Amino acid sequence: KLTINKATYDMSQVVFEDKTVVYNEQKHSITATNFAEGITATYENNEQTDVGTYTVTVKFVGNKNYNTIENKTATLTINKATYDMSNVNFSDKTVTYNGQAQSILATNLPLGVTATYENNEKTDVGEYTVTVSFTGDSKNYNAIEDKTAKLTIIKASVSGISFSGKSFTYDSTKKNLAIEGNLPT
């Protein structure tokens with residue numbers, strides 16, 4: 001009687017290791033390497049995009065004349081990214097009082113980031129500390145630090161008007177002195 005036993009694949013050189021990446025809107029995966037020719041690999045829970053920790057399983061299938069190959073697992077970790085705020089402009093501003101509300105606005109925000117303001121929209125003369133808070137994708141990005149800037153509204157100067165005295169000879173009629181020039185609103 002001739003008995004032919006199934007062979008066993010040498011899987012000692014297979015590389016299937018944990019992987020850690022930073023979120024970048026792309027799919028990430030772990031790929032097994034260094035397995036014998038004739039073996040195919042399929043994956044479960046691979047190709048992830050969002051921040052999280054995922055257990056990825058690789059299943060190997062070989063020739064029917066070989067023993068079943070054990071599955072392997074590895075951990076795929078996608079960490080939160082940090083928004084690039086280096087181009088955001090939010091700086092001190094000095095304006096002259098004109099009766100209108102004045103503000104400082106943040107510009108050049110990264111895509112997906114919005115700004116809200118505290119202590120902005122000021123009209124009266126004074127110095128104000130304006131705070132901007134940023135909101136983005138909190139699931140996949142780290143929180144963004146607030147920024148502050150000073151809004152200074154200085155007094156307007158009045159020019160081009162005059163108010164001077166006059167001399168009159170009495171004639172029993174009312175006399176008036178008037179401001180000459182255009183007064184600011």
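Two strands count as paired here if DSSP finds at least two bridges between them. Keep that in mind while looking at this predicted model.

**The sheet**

Let's start with strand 5 and strand 8. With four bridges, these two run in the parallel sense. One spot to look for is K93, which stands opposite L151 in strand 8.

Now zoom out a little. Strands 5 and 8 belong to an open sheet of four strands, in the order 5-8-7-6, with mixed pairing. At the edges sit strand 5 and strand 6, each pairing on one side only. From one strand to the next, the twist averages 25 degrees.

Here is where to find the strands:

| Strand | Residues |
|---|---|
| Strand 5 | 93-96 |
| Strand 6 | 114-118 |
| Strand 7 | 126-135 |
| Strand 8 | 147-154 |

**The aromatic rings**

How many aromatic pairs are there? The count comes to six aromatic pairs, taking ring centres within 6.5 Å as the rule. Take Y83 and Y141: their ring centres are 3.8 Å apart and their planes meet at 15 degrees, so this pair is stacked, since planes under 30 degrees apart count that way.

That pair also links distant parts of the chain, with the two positions 58 residues apart in numbering. Y83 sits in the loop between strand 4 (72-79) and strand 5, while Y141 lies in the loop between strand 7 and strand 8.

Are these two tyrosines buried or exposed? Both Y83 and Y141 are buried. They have company, too: ring pairs join Y23, Y83 and Y141 into a cluster.

Definitions and conventions: Residues are numbered from 1 along each chain as its sequence is written. This is a predicted model: local features need pLDDT of at least 70, side-chain atom pairs count only at pLDDT 80 or more; totals for chains, interfaces and linings use all residues. Side-chain values use heavy atoms; hydrogens and water are left out. Axes are lines fitted to C-alpha atoms, for helices over the stretch in contact, and angles run from 0 to 180 degrees between N-to-C directions. Rings of Phe, Tyr and Trp (its six-membered ring) pair if their centres lie within 6.5 Å; planes under 30 degrees apart count as stacked, over 60 as edge-to-face and the rest as tilted. Buried means under 20% relative accessible area, exposed over 50%, partly exposed in between (1.4 Å probe, protein chains only).
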